[in-house]
Amino acid sequence: MNTGKVDVLLGLQWGDEGKGKIVDVLTPKYDVVARFQGGPNAGHTLEFEGKKYVLRSIPSGIFQGGKVNIIGNGVVLAPDLFMNEAKELEKSGHPLKERLHISRKAHLIMPTHRVLDRAYEAAKGKDKVGTTGKGIGPTYTDKISRNGLRVGDILDHFEEKYAAHKARHMQMLANLGWTDFSGFEEVENTWMEGVEYMKQFHIVDSEHEINNLLKSGKSILCEGAQGTMLDVDFGSYPFVTSSNTICAGACTGLGIGPNRVGNVYGIMKAYCTRVGAGPFPTELFDDTGKKIRDLGHEYGAVTGRERRCGWVDLVQLRYSVMINGVTELIMMKSDVLDDFDTIKACVAYRLPNGDTTTELPYELEGVEPIYRELPGWKADMTAFTDEAQFPKAFKDYIKFVEDFLETPIKIISLGPDRDQTVVRQ
């Protein structure tokens, strides 16, 4: 009888929900933390003991001693960025080489993928997606078109394989008329250095490792990157990432059977943000939006880009809860709304044809949010440690959200620090 269990933690909005902090809060209960998709375009920020860390490719369980951390086959990895991130962590005293395992089947982001990313975005003109330019899309494109280079390839005739892939990319760039290769040689040299550095880690068949860990009774937390609305199938296409950010992505990104999945922790902000282009029904263009951005420090962890801000969208969240089979909600950044007289929550959409709906439509562009207004709690909650301290208006807000989403909110975050977290009974 297999006794191990797999729980999944993922973002329910457009990313940036605060997953890094919550993985760090939850990891003490798990033996293994595994990343199942995405690449270095997503930054998970963790703050504790007066220090701040931004993780891009490395699972957020790395700070807990004695845990196995796995970069799964669904992840795309840039050796140079991975090396910089890992060395930075090693400098701060975290022994990575014992703790971190990398899947042989994870795909490599080549330097030419980043050039292709820029070239494709430039060719799209005003229709550009607003990618981070990290080469994620072109890498997943190569993976799907069966032209990818994988971590396992670095251990066997790598120079020849790399040269063939690079030549193919250079031909594609020539066809696009792309000529800007400034700094390419330097990037390529660091990238090759990163490949050598990666060889010092445990390079594993992660699907076997994970299933063997489960057989021996270990518990695994699967960590998603980005958010549900950036999923390539179910997000606001084409303004999405190139992988499956939803719960099902944990199965394909790690090689786990769906019957293994236990709890699905869905992370949401008490409001909503989005980075880059694409529809965002509750976006605020006024002083309220600016106030949320400033109070919430809503700037990208990796890019520093200003995030677009708006009220919470419960129609969108109900869709995400359904798609992922969420069992428990975790609400982040509730403290950002501490000073508002009125809080709004979108409970339906008015479609361009005048109809109203409470289901997420095929096309989000042009829908108008219909809001329910709730009284603000007007209290500084950042030092609260127990839900008994919550003001009545905040308790009412929690209950309203739980009732609408038909899912309990189990954890509430009241600030960036590990300690600013209330677990509800």
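## A walk through the predicted model

Arg307 sits in the loop between helix H10 (287-295) and strand S13 (308-310). Keep in mind from the start that this is a predicted model.

**Around Glu298**

Being in a loop doesn't put Arg307 out in the open: it is buried, at 6% relative accessibility. Its side chain makes a polar contact of 2.7 Å with the side chain of Glu298. Arg307 also turns up in the UniProt record, where an unreviewed entry carries the annotation "binding site" over Ala301, Val302, Thr303, Gly304, Arg305, Glu306 and Arg307.

What else does the side chain of Glu298 meet? The side chain of Lys269 makes a polar contact with it, at 3.0 Å. Lys269 belongs to strand S11 (residues 261-269). Lys269 is buried because its relative accessible area is 1%, and buried means under 20%. Setting aside residues up to four places away in sequence, Lys269 touches Gln13, Asp16, Glu17, Glu298, Arg307, Val312, Met331, Met332 and Lys333. So if you click on Lys269 in the viewer, both Glu298 and Arg307 are among the residues it touches.

**Other buried spots**

Next, helix H1, which covers residues 19-26. Is this helix enclosed or open? It is largely enclosed by the rest of the structure, because seven of its eight residues are buried. Those buried residues are Lys19, Gly20, Lys21, Ile22, Val23, Asp24 and Leu26.

Ser206 is part of helix H8 (residues 206-215). Its relative accessibility is 0%, so Ser206 counts as buried. Beyond its neighbours within four places in sequence, Ser206 is in contact with Ile70, Gly72, Asn73, Ser103 and Leu254.

Asn73 comes up again in the surroundings of His107, a residue of strand S8 (residues 107-108). With a relative accessible area of 8%, His107 is buried too. Not counting neighbours within four places in sequence, the contacts of His107 are Asn73, Val75, Val76, Leu77, Thr139, Lys143, Gly148, Leu149 and Arg150. How far apart are the C-alpha atoms of His107 and Ala383? They are separated by 43 Å, and the two residues are 276 residues apart along the chain.

**Backbone oddities**

A few backbone details deserve a look in the viewer. The peptide bond from Tyr237 to Pro238 is cis, with omega near 5°. Pro238 lies in the loop between strand S10 (219-227) and helix H9 (248-254).

Then there are two residues with positive phi, neither of them glycine: His157 and Glu406. Here they are side by side.

| Residue | Phi | Loop between | Relative accessible area |
|---|---|---|---|
| His157 | near 50° | helix H5 (136-144) and helix H6 (158-175) | 52% |
| Glu406 | about 55° | helix H12 (392-405) and strand S19 (409-413) | 69% |

Are these two buried or exposed? His157 is exposed, at 52%, and Glu406 counts as exposed at 69%.

**A pocket and a cavity**

The second largest pocket holds about 270 Å³ of space. Its lining is made of 16 residues, and Gly235, Ser236, Tyr237, Tyr362 and Glu363 are the ones nearest its centre. Tyr237 is also the residue that leads into the cis peptide bond with Pro238. By class, the pocket lining has 11 nonpolar, two polar and three charged residues.

How many cavities of 30 Å³ or more does a search of the whole structure find? The search finds one. The largest cavity holds about 30 Å³ of space. Lining this cavity are His113, Leu116, Tyr120, Pro138, Thr141, Asp142, His169 and Met172. Which helices supply at least two residues each to that lining? Helix H4 (111-124), H5 and H6 do. The lining of the largest cavity divides into four nonpolar, three polar and one charged residue.

Definitions and conventions. Residues numbered from 1 in each chain as written. Predicted model: local features only at pLDDT ≥ 70, side-chain atom pairs only at ≥ 80, totals over all residues. Heavy atoms only, no water. Helix = DSSP H or I, 4+ residues; strand = E, 2+ residues; numbered from the N terminus. Buried < 20%, exposed > 50% of the residue type's maximum accessible area, 1.4 Å probe, protein only. Polar contact = N/O pair within 3.5 Å; in protein donor to acceptor, adjacent residues only side chain to side chain. Contact = heavy atoms within 4.5 Å. UniProt positions renumbered as here; feature names shortened; annotations may be inferred. 1 Å grid on protein atoms, 1.4 Å probe; cavity = no way out; pocket = protein on both sides within 12 Å on 5 of 7 lines; lining within 4 Å. Points joined across faces, edges and corners; volume = space filled by probe spheres on them. Nonpolar A, V, L, I, M, F, W, Y, C, P; charged D, E, K, R; others polar.
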